[in-house]
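Me: I would like a close look at one part of the model shown here, followed by whatever can be said about a few other positions.

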Amino acid sequence: MILETLSQSISTVLHNKKRLLKALLIPFLVTYCLRSMKVSVAGYELYSEILVVIFNIAIFLTSSMICLRTQQILDKHDTDDTVDAPWQWLKFDSQQRRYSGYLLVLFVLLQAIFLLIEADYKIATNGLVYSVMLVLSVVGWVIFSRLSFVLPAIASGKEASFKDAWAITKDKKLYAFVIAGLLPVAFYMLFIGLPILLLFANPNLAMGLKFIYIFIWGVIVIAIPFIIAAIEATAYRALMDKSKATEISNPA
């Protein structure tokens, strides 16, 4: 069940909280600073736009580091968190580069799906065109969710590829879609979309809480990739162990 996977994710994160803190604190702080600097220079001049692109690349790399380290630690679910783990700085080794490369391909695929959905909304002129584009969007979303499991596979130390991710999720397509397709959207809507909607509904409150909201929003934006990475790491382990947690409905 999905709830079992979520419960196991929380339990594993809490069990490894010291290791996660020492591995992720510096990348978190660097990512937050990069996002703050990007906001401060955005929208003024041409060179500022170039800086925004540079900041986006740097943020992608540090966020990728957060995801990889999270999945590396949670993959070792039998570790002893009481053992003093070293603090980790920024490092781009071969595993990190491989992970970031696959994450970039998935990001491009995700952007293509979003563009297709947007085009479906804007240019579809009749029911047939709308239906075809909608089906293509859903198919792309399912493919994306299955291929996403290459990331925890790489984090576990394997020389994994999209072919391996496809094989892992062959008999668990719905489970993979819920974990890597639907849950991330739900988290973004809940933790980012809903607060923005509430603040737009009350502009006076938005102005009064402007700086507090910007700080909290910045933390949430960085934390969501960590949450998604933690859940996918737990789901990957469940898939590899052929756990009953991967069953969407109770088995007969």
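Which residues make the nonpolar surface patch of about 560 Å²?

Reply: In this predicted model, the nonpolar surface patch is formed by Leu21, Leu25, Leu29, Trp87 and Trp89, and its area comes to about 560 Å². One of these residues, Leu29, belongs to helix 2, which covers residues 17-41.

Two buried positions may be set beside that surface patch, namely Ser64 and Gly181.

Ser64 is found in helix 3, a run of residues 46-75. Its relative accessible area is 0%, and because the limit for calling a residue buried is under 20%, Ser64 is counted as buried. The side chain of Ser64 nevertheless has a polar partner, since it makes a polar contact with the side chain of Gln96 at 3.0 Å. When neighbours within four places in sequence are left aside, Gln96 appears again among the contacts of Ser64, together with Tyr99, Ser100 and Leu103.

Gly181, for its part, sits in helix 8, which runs over residues 173-201. With a relative accessibility of 0%, Gly181 also falls under the 20% limit and is therefore classed as buried. Once neighbours within four places in sequence are set aside, the residues in contact with Gly181 are Trp141, Ser145 and Ala176. Of these, Trp141 is separated from Gly181 by 40 residues in sequence, while the C-alpha to C-alpha distance between Gly181 and Trp141 is 6.5 Å.

How values were computed: Residues numbered from 1 in each chain as written. Predicted model: local features only at pLDDT ≥ 70, side-chain atom pairs only at ≥ 80, totals over all residues. Heavy atoms only, no water. Patch = residues over 30% accessible without salt bridge, like charges linked within 9 Å, V, L, I, M, F, W, Y side chains within 5 Å. Areas by Shrake-Rupley, 256 points an atom, 1.4 Å probe, with all protein chains shown as cover. Salt bridge = Lys/Arg side-chain N within 4 Å of Asp/Glu carboxyl O. Helix = DSSP H or I, 4+ residues; strand = E, 2+ residues; numbered from the N terminus. Buried < 20%, exposed > 50% of the residue type's maximum accessible area, 1.4 Å probe, protein only. Polar contact = N/O pair within 3.5 Å; in protein donor to acceptor, adjacent residues only side chain to side chain. Contact = heavy atoms within 4.5 Å.
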